[in-house]
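Biologist: Before we discuss anything in detail, could you put the model up so that we can read its features together?

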Amino acid sequence: MSDTKREIPRAKMSPHERDRRSQLTQLVHGAGLLRGTLAVRERVCGKANCKCARGEEKHVSLYLVASYEGRVRQLFIPKDREPQVRRWVKQYQQARKLLEEVSLLYWDKVRRRQE
Ligand SMILES: [Zn+2]
């Protein structure tokens with residue numbers, strides 16, 4: 001990392017900040033990151049003789065829902081990709097939480113007029 005990018009020396013960071021940043025670095029460097037909310041939807045398949053058409057048990061599908069540039073998009077998640085997608089979504093949420101925690105530290109620095 002260049003000197004201009006590293007404007008806060010690591011030694012000046014609190015243990016709390018160093019911890020959150022190293023967790024964040026690990027996620028950003030190697031983890032799948034996917035923003036969105038997983039939603040379970042029930043649907044009917046369209047086959048006339050299916051149990052779903054008789055109003056009994058419907059088919060359950062998993063979708064990833066996320067808004068991009070103001071528009072809500074949803075993506076069907078096939079059963080075999082569910083564990084991976086769940087992991088990527090969780091990792092994105094962890095990264096976002098860590099980023100938010102670091103941001104709060106800097107909010108406080110500005111508020112308390114620290115460097
Ligand atoms: Zn059906």
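Biologist: Among the elements of the protein chain, which has the lowest mean pLDDT and which the highest?

Modeller: As a general idea, pLDDT is the predictor's confidence in each residue, from 0 to 100, and the elements are DSSP runs numbered from the N terminus, helices being H or I with at least four residues and strands E with at least two. Here β1 has the lowest mean, 94, and α2 the highest, 97, while the protein chain has a mean pLDDT of 92, with 97% of its residues at 70 or more. This is a predicted model, in which local features need pLDDT of at least 70 and side-chain atom pairs count only at pLDDT 80 or more, whereas totals for chains, interfaces and linings use all residues. Residues are numbered from 1 along each chain as its sequence is written, and side-chain values use heavy atoms, with hydrogens and water left out.

Biologist: In which sense do strands β1 and β2 pair, and over how many bridges?

Modeller: Two strands pair if DSSP finds at least two bridges between them. Strand β1 (residues 37-43) pairs with strand β2 (residues 59-68) in the antiparallel sense over seven bridges, and Arg 41 stands opposite Ser 61 of β2. Strand β3 (residues 71-77) also runs antiparallel to β2, joined to it by seven bridges, with Phe 76 in β3 as the bridge partner of Tyr 63.

Biologist: How many residues lie between β2 and β3 in their hairpin?

Modeller: The hairpin has two residues between its strands. Glu 69, in the loop between β2 and β3, has a phi near 50 degrees, a positive value in a residue other than glycine.

Biologist: Why does Glu 69 count as exposed?

Modeller: The classes rest on relative accessible area, with buried meaning under 20%, exposed over 50% and partly exposed in between, for a 1.4 Å probe and protein chains only. Glu 69 is exposed because its relative accessible area is 84%. In helix α2, Glu 100 counts as partly exposed because its relative accessibility is 48%, whereas Gln 91, also placed in α2, counts as buried because its value is 16%.

Biologist: Which residues is Gln 91 in contact with, leaving aside its neighbours within four places in sequence?

Modeller: Contact means heavy atoms within 4.5 Å. On that basis, Gln 91 is in contact with Leu 27, Ala 31, Gly 32 and Leu 33.

Biologist: Which residues form the largest nonpolar core?

Modeller: A nonpolar core is a set of buried Ala, Val, Leu, Ile, Met, Phe, Trp, Tyr and Cys residues joined through side-chain atoms within 4.5 Å. The largest one here has five residues, Leu 62, Leu 64, Ile 77, Val 85 and Val 89, and β2 and α2 (82-111) each supply at least two residues of this core. Not counting residues up to four places away in sequence, Ile 77 touches Leu 38, Leu 62, Tyr 63, Leu 64, Glu 82 and Val 85.

Biologist: Which protein atoms are the donors of the zinc ion?

Modeller: Donors are N, O and S atoms within 2.8 Å of the metal (3.2 Å for Na, K and Ca), and sites may look incomplete, since water is not among the atoms. For the zinc ion, the protein donors are Cys 45 (SG), Cys 50 (SG), Cys 52 (SG) and His 59 (NE2), at 2.0 to 2.3 Å, following the spacing C-x4-C-x1-C-x6-H along the chain.
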